[in-house]
Structures are given as C-alpha cells and as structure tokens.
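Okay, thanks for coming, everyone. I'll put the model up and then walk through a few side-chain contacts.

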Amino acid sequence: MPVDNLSRVRKSILPTEGDTWSIVAKRELPELAPDEALAKLQSWNLHVFMRAAGAMAAPGGGNPILPSDVVFIEPPLAT
C-alpha cells in the first residue's frame, strides 16, 4: 500500500499504573501551564474523564485513569 493512502493517527499513550490527570499532563504537555495542560488533556479525553470514578475503598479507587485506557495527547485531527 502506498504511504500516500495512509491516514495520520492521533497521538496517544497508554498510562502507567498510578498515573493521574496531573501526572500525564505534566509529562506529556510540559510546554503548557499545568492548569492549561490539564484542561486540554481532559477535554481531548472525555471518554475517560467523564467515566464514573471507582469507589474509594476499591483497588485504584478515586483514579479514573486505567492502564488500559487510550489517552489522547493532542486534539482531534481536522479533516
């Protein structure tokens, strides 16, 4: 298949265990102010951010980011 036919894939990561929104924002968007990076990251990942958090007593409770989540680190691509 010619390379010209391939579409660009949006940049994403699989978080490591224990990652929080703040940790991912600081690591993946260091050029932005912390509050701005956090807001952008959450707005690009509503599929994760809007998921209900686990019960605080449950393992990993209170951290809605799972190692199996796909977290986008750039905005949606324009067509």
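**Salt bridges and a ring pair**

Let's start with Glu 36, which makes a salt bridge with Lys 40, their closest N and O atoms being 3.9 Å apart. By salt bridge I mean a side-chain nitrogen of Lys or Arg within 4 Å of a carboxyl oxygen of Asp or Glu. Both sit in helix 2 (residues 34-44), and because they are four residues apart, about one helical turn separates them. Helices here are DSSP runs of H or I with at least four residues, strands are E runs of at least two, and both are numbered from the N terminus.

Quick caveats: this is a predicted model, where local features need pLDDT of at least 70, side-chain atom pairs need 80 or more, and totals for chains, interfaces and linings use all residues. Numbering runs from 1 along each chain as its sequence is written, and side-chain values use heavy atoms, without hydrogens or water.

So how many salt bridges turn up in the whole structure? Five. One of them joins Arg 8 and Glu 74, at 3.0 Å from N to O. Arg 8 comes before strand 1 (12-13) and Glu 74 after strand 2 (71-72), so this pair ties together parts 66 residues apart in sequence.

Now the rings: the search finds one aromatic pair. Trp 21 and Phe 49 meet edge-to-face, 5.9 Å centre to centre with 80 degrees between the planes. The cut-offs: centres within 6.5 Å for rings of Phe, Tyr and Trp (its six-membered ring), with planes under 30 degrees apart stacked, over 60 edge-to-face, and the rest tilted.
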